[in-house]
Amino acid sequence: MTRDLIIVGGGPAGASCARRASKLGLDVLVFEKAVHPRRKACGGGLILQVRESLDFDISSVIEREQCGLRLHSPSGIIAESHRQEITGYTVRREDFDYLLLKKAEEAGAEVIQNTKVTDVVEEANCISVITNEEREKAKLVVGADGVNSTIARKSGLHERWKDNEIALTFEASIPMDSADILRISGSPEHHECVFIDIFFGATPLGYAWAFPKKNEYSLGIGAMVSVMSNFKESWVKFVHNFMERHNVECDLSQQTATRIPLGGLIPNLCSKRIMLAGDSAGFVSPATGEGIHYAIESGMMAAKVAQGIVEGRSDVTTASYAKTCRETIGNDLRIGRVLQKLLFKSTENMERFIRMCEKDEVMKEYSLELVMGYVPFKTSRSRMTKRMLRKHLGQAIRLLI
Ligand SMILES: Cc1cc2nc3c(=O)[nH]c(=O)nc-3n(C[C@H](O)[C@H](O)[C@H](O)COP(=O)(O)OP(=O)(O)OC[C@H]3O[C@@H](n4cnc5c(N)ncnc54)[C@H](O)[C@@H]3O)c2cc1C
């Protein structure tokens, strides 16, 4: 039997692709190597567009609503931006991803868990997906198997990330009393709404985050592999500072090291019968590390293109998918990469940027827009550049040179 579409990986990219493709009438099979709900190292920060993109309610898995952002400079200066309305959400990835996968099944996709795909072979009229136990055939494959994608590697679309394209992260979800979480992150005006915190320079040329959930805090650090040093020590130091500052005890025994692609779009997003989506294609913002929204969007775009191909439309090929991704997500990532290179070039640049934000309400607002994805990166870049040139010329010149 030849399936219409086999999706490798049941994370946000794979599950969203599976749901959309099934709803469009395709015969869909998903292979997932883990058994959901599974742990996934992640801050679990969702921008508002994630909720808007999905055609079902996710309130059951929302842990906290955010109403603002605190950016911490390497020397400890804080630029705090706050809004009356909700600015984003946090989720536990085990619950969020499980819900997405259940919604894919509900729409008609067959999901086989606990099954690792080991190879993929393109043949004349179909493509074979090989697992430890079986060999399944399909018209098309979507590689949604994350940053260490087997599909990208085995198909020759992407061999490996260079050290300046990939960040290493250290993260733990640390159990904590809800009362302590609200004391640390709660907004004085809307008690149940929280701030998320980002600490620039918590590790050399990298950053740390503290994202509150209902009963746990995601505390993590990340830096490009090309510049990282004393990584685990930086994480331990960051968590100790957090405990001391907020007078809480944290269990440090459960941290996970993972990679996150921050180099922008990879050159080859597709072959004749394969499309890469989500992290496997490098769809993560190089400036903010946000990848869940791009994973969902790219999964859905791949589903739409798969429908066109399966229906035999002569104007639709996998190259149509690559083109759409380049024109939409690609533009964001290109600009994100420029911002990343500027901001994380030196500790001084991070300090300069946060100081500008701290002194200037407009810059503060623009940084919130950037992190929360309210406007395309292009708009953020242009607004920030104009503002810096008008109000912070000396600092802007130092930032740029
Ligand atoms: C520490 C950290 C913090 C982050 N914080 C945030 C954040 O706060 N907000 C945000 O938006 N983004 C964040 N990201 C990025 C975000 O986690 C990813 O962009 C997102 O998970 C990408 O979704 P995906 O579906 O492409 O891949 P994944 O979520 O990685 O899913 C891939 C799936 O494929 C499965 N799989 C892998 N290989 C195989 C195989 N061979 N066969 C079968 N199945 C396979 C895996 O088990 C997994 O379930 C963070 C990333 C890290 C590492």
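How many nonpolar, polar and charged residues does the shell around the ligand have? By class, the shell has 13 nonpolar, 15 polar and eight charged residues. Here Ala, Val, Leu, Ile, Met, Phe, Trp, Tyr, Cys and Pro count as nonpolar, Asp, Glu, Lys and Arg as charged, and the others, Gly among them, as polar.

This is a predicted model, in which local features need pLDDT of at least 70, side-chain atom pairs count only at pLDDT 80 or more, and totals for chains, interfaces and linings use all residues. Residues are numbered from 1 along each chain as its sequence is written.

Of the 36 residues around the ligand (C-beta atom, placed from the backbone, within 6 Å of it), G9, G11, G43, G278 and G291 come nearest. Two or more residues of the shell come from each of α1 (12-23), β11 (166-175), β15 (256-261) and α7 (292-310). Helices (H or I, at least four residues) and strands (E, at least two) are DSSP runs, numbered from the N terminus. The most, three residues, come from α1. The ligand lies between domain 1 (2-42 + 94-162 + 265-335) and domain 2 (62-89 + 163-261), because both give residues to its shell. The domain bounds come from an automatic or database domain assignment.

Now consider helix α11. In α11, F377, S380, M384 and M388 are buried, meaning that 20 or more other C-beta atoms lie within 10 Å of their own, whereas 12 or fewer makes a residue exposed and a count in between partly exposed, with C-beta atoms placed from the backbone. The face of α11 turned away from the buried side carries the exposed residues K378, K386, L389 and R390.
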